[in-house]
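This report describes selected features of one protein model, with attention to charge pairing, burial and backbone geometry. The sequence and structure come first.

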Amino acid sequence: MVPVLDVSVYELVWPTSLFTAEAERISRSDHRQWVERARLLLGEAFAGTTAVGDFDEVGESSTIRADDPWSPKPPAGQAPPAYTQRTWLRELIDRASELCHARRPRPYWPQRHGTPPGHARHEGGERREFARLVEELDTNGYLVEVFGRDCVDDPDPLPDRSRILDRRLGYANLWPLDPDAWDDDVFFGLIEVFHDLVSRPRNRDMHSYSGCGWHYKEFNAAPGRALYRWRINNLLHDAGIDYRLADEGEDLGRLVALTDDARGDLVHHVLNTPDPRTRTGTEHAIALFRARGATRDHKRSAIVALARILEQRRDLIKTEAGKPDDGFLFEIANRYDLRHGRADQRADYDDAFLDWIFWWYLATVELTNRILKKQRTPHDAPEFPDLLDQWHGDARAP
């Protein structure tokens, strides 16, 4: 397709992958309200109203003008090709990789000359930002499925929001949100609770009687929660808080300790193993280890869970890595007070040791996953000498 759109004028406020996934659904839909679904998506996913306005301007049955210098030219004697709203949306999807994300405005005078960086965070700025985010999602219909919506034609009372939050979190009178009244437990608890409550409406109808407004429908939790995690994790990053909502695993939607990108990639690959037995064990180990407030005992239990998986693959490790490396791998777990609790085991080690052994064991689980995959598909899988070399080196790291 010859480009017609000037995508440089559009700024995403959603993750690119989430926008393309939702837009693909709409582009394939033959639902009579597909246009309203598209308008709703464009209004949410892009900053401002430019994308919605351009979509509306195209019109369902418009054509490309023959005298437009930016239009693709048809063969001689043929009419210009139709350029409909579906064509417009399809091009936007195909060129999603070119879309920029909306940036924060450059610092204004107070930020440049007044309040020092980080002051707002210590004064609870991140909590007020969270409350504003929940209010925005509420306005856009993301909480309607749980909280309901006022309607002039519906006399039935709405659910008690405070009671819903109390049942889930165990704290009373949390609605309306009052960020200045929260301690850390309430704040972080609300972040996790609202992850489970949000659901994206994919369609809406205007109820104009007495100014009632939009009625949202066709809710789906997955895109709503994905967007929520993305927005919350950006908020936590900007506030300098070292937790993130987990995107996958047993602790999906729960706050976990922040790791670097490389370890995050390792967790992603391990969690996506096709072996259900290994996946269950590693999901549990990862959830124990990276949980907010994980104790020394939690981390030891996580290591034991990984050691159990490696024990089941000991013959594979011995064959691929060779001796003495297979013995050294399990000697670590046996010599230190991790699983057997014998009197001759060392218990006076620093917590940093637990971090090292966990990530080493997890990387070894991932290595064995890849080797097993290679053995099942020997002609398609890549070779792994570099990973084995790295394993040999890591195993002897202090």
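Helices (H or I, at least four residues) and strands (E, at least two) are DSSP runs, numbered from the N terminus. The model is a predicted one, in which local features need pLDDT of at least 70 and side-chain atom pairs count only at pLDDT 80 or more, while totals for chains, interfaces and linings use all residues. Residues are numbered from 1 along each chain as its sequence is written, and side-chain values use heavy atoms, with hydrogens and water left out.

## Salt bridges

A salt bridge is a side-chain nitrogen of Lys or Arg within 4 Å of a carboxyl oxygen of Asp or Glu. By this rule the model has 29 salt bridges. Side chains of opposite charge can pair when their charged atoms come close. Three pairs are listed here.

| Pair | N to O distance |
|---|---|
| Glu-91 and Arg-95 | 2.9 Å |
| Arg-161 and Asp-138 | 2.8 Å |
| Arg-300 and Asp-297 | 3.4 Å |

Burial is expressed as relative accessible area: buried means under 20%, exposed over 50%, and partly exposed in between (1.4 Å probe, protein chains only). In the first pair, Glu-91 is buried at 1%, and Arg-95 is buried at 13%.

In the second pair, Arg-161 belongs to helix α9 and Asp-138 to helix α7 (residues 125–139), so this salt bridge ties together parts that are 23 residues apart in sequence. Arg-161 is buried, with a relative accessible area of 16%, whereas Asp-138 is partly exposed at 23%.

The third pair lies within helix α14 (residues 296–312), where Arg-300 and Asp-297 are three residues apart and therefore separated by about one helical turn. Asp-297 is partly exposed, its relative accessible area being 49%.

Beyond these pairs, a network of salt bridges links Glu-22, Glu-44, Arg-200 and Arg-202.

## The two sides of helix α9

Arg-161, Ser-162, Ile-164 and Leu-165 are the buried residues named for α9. These residues cover an arc of only 160° around the axis, which puts them on the same side of α9; the arc is that of the directions from the helix axis to the C-beta atoms. Arg-163 and Arg-167, by contrast, are exposed on the other side of α9.

## A negative surface patch

Patches are made of residues with over 30% relative accessible area and no salt bridge, like charges being joined within 9 Å. Asp and Glu count as negative, and the place of a charge is taken as CG of Asp or CD of Glu. Asp-150, Asp-153, Asp-154 and Asp-156 form a patch of negative charge on the surface. Of these, Asp-150 is found in the loop between α8 (144–147) and α9 (161–169), and Asp-150 is exposed at 59% relative accessible area.

## Backbone geometry in loops

The loop between α9 and α10 (184–197) contains Pro-176. The peptide bond leading from Trp-175 to Pro-176 is cis, with omega near 0°. Asn-173 is also placed in the loop between α9 and α10. Its phi is near 60°, a positive value in a residue other than glycine, and Asn-173 counts as exposed at 68% relative accessibility.

A positive phi also occurs at Ser-210, a residue other than glycine, with a value near 55°. Ser-210 lies in the loop between β3 (200–207) and β4 (213–220), and Ser-210 is exposed, with a relative accessible area of 56%.

Key. Patch = residues over 30% accessible without salt bridge, like charges linked within 9 Å, V, L, I, M, F, W, Y side chains within 5 Å. Areas by Shrake-Rupley, 256 points an atom, 1.4 Å probe, with all protein chains shown as cover.
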